[in-house]
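Colleague: Could you take me through one part of this predicted model in detail, starting with how a strand is paired with its neighbours and then turning to the charged contacts?

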Amino acid sequence: MRARLIYNPTSGHETMNSNVGDILNIIEKAGYEASAYRTTPKKNSAKNEARRVAKEGFDLIVAAGGDGTINEVVNGIADLENRPEMAIIPAGTTNDYARALKIPRDDVVEAAKVILKGQKLPVDIGQAGSKYFINIAGGGSMTELTYEVPSAYKSILGYLAYLVKGAEMLPRVSPIDMHIEYDEGVFDGKATMFLIGLTNSIGGMEQIAPDSVIGDGTFSLIIVKETNLRDLVHLIALVLNGGRHVNNPKVIYTKTKRISVHANDENRLMVNLDGEYGGDAPMEFINLHKHLNIYANVDSIPLKAISSSTLSEKDAGEKIIEEERNLDNKNKDKK
């Protein structure tokens, strides 16, 4: 079996550069013949390499970098009939997808060791027009935040860069008149933003889509209606306080397999795919069910966050027993 490590040398604090050898050794210990590709500043560098090795018949692609690098690799293989399995080594700023899969985010070597556990999940991805995303799509004023944070700031300040820029942008957030159709209904009017999630981890927070289930064939759709600065601050507080924003009248929260979006009148509505600009609406979003097979730290993911159809009866039973044991231990500690 052959594996290709595709890594971004500039992600995060450039931690990948000094750890490539150790990571390749881990991949080989897992039973693969391993090699590495260092991405370049050239557009679609990771995407093109992923597509090339997939067509050559490689069995595994290990994507190391931020959410943007992972998105490029996904776009390189998503439309192929024979797709290699994937593994993720987070080395970026928010690392949302790695957070959802419970992959270590502060040590790239420990993240690679997840491959040694041999635990994989069939996961959904989203198709947006001719492009693909693996974690989040969105549009509206607040989603433009990711375009306005310089790469240098992300590397130096990490997630703090987004918070600083977000505070700067809040006073000039303006709603966009848009039309959104989804399985259970239609929204037509002004909205501050819409978000389409495949996991519960969006923008560094795990409560935005609190009941998201990996691999269940649906998106979590969040529409934030027209809001002022005070409303937005209140909604953010509700997100941080257990995901209670989903019950707020300013929010539409639903599950859907398909979404279509366009801006009304002459408004421009830019679409964000996994933190990168993905084109302008009109755009249709389709859930591609169990489209990729990916290494995950399945032991650490709550059973309620994984579609039951993705686990064998044996694995599901073991997770139930383990979670009950952990709950019993917590109750004993409280006594």
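Modeller: Strand E8 and strand E9, the latter spanning residues 185-197, run antiparallel and are joined by 7 bridges, and the connection between E8 and E9 is a hairpin that passes through 2 residues. Within this pairing, Ile176 has Ala191 of E9 as its bridge partner. E8 is also joined to E12, again in an antiparallel arrangement, by 5 bridges, and here Glu181 stands opposite Ser260 of E12. Because 6 of the 7 residues of E8, which covers residues 176-182, are buried, the strand is largely enclosed by the rest of the structure.

The charged contacts can be followed from the region after E12. Asp280 and Arg268 form a salt bridge through their side chains, with an N to O distance of 2.8 Å. This pair links distant parts of the chain, since Asp280 belongs to strand E14 (residues 276-280) while Arg268 lies in the loop between strand E12 (258-263) and strand E13 (270-273), the two residues being 12 apart. Asp280 has a relative accessibility of 29% and therefore counts as partly exposed.

A search of the whole structure gives 11 salt bridges. One of them brings together the side chains of Arg51 and Asp79, at 2.7 Å from N to O. Here too distant parts of the chain are linked, with Arg51 in helix H2 (residues 45-55) and Asp79 in the loop between helix H3 (67-77) and strand E4 (85-90), 28 residues apart. Arg51, at 25% relative accessibility, is classed as partly exposed, and Asp79, with a relative accessible area of 45%, is likewise partly exposed.

The salt bridge between the side chains of Arg99 and Asp96, at 3.1 Å from N to O, is set within a helix: both residues lie in helix H4 (residues 96-100), 3 residues apart, which is about one turn of the helix. Arg99 has a relative accessible area of 11% and is buried, and Asp96 is buried as well, with a relative accessible area of 4%; both assignments follow because buried means under 20% relative accessible area.

Finally, there is a set of charged residues that goes beyond a single pair, for Arg4, Glu49, Arg52 and Glu56 are linked in a network of salt bridges.

Terms used
Residues are numbered from 1 along each chain as its sequence is written. This is a predicted model: local features need pLDDT of at least 70, side-chain atom pairs count only at pLDDT 80 or more; totals for chains, interfaces and linings use all residues. Side-chain values use heavy atoms; hydrogens and water are left out. A salt bridge is a side-chain nitrogen of Lys or Arg within 4 Å of a carboxyl oxygen of Asp or Glu. Helices (H or I, at least four residues) and strands (E, at least two) are DSSP runs, numbered from the N terminus. Buried means under 20% relative accessible area, exposed over 50%, partly exposed in between (1.4 Å probe, protein chains only). Two strands pair if DSSP finds at least two bridges between them.
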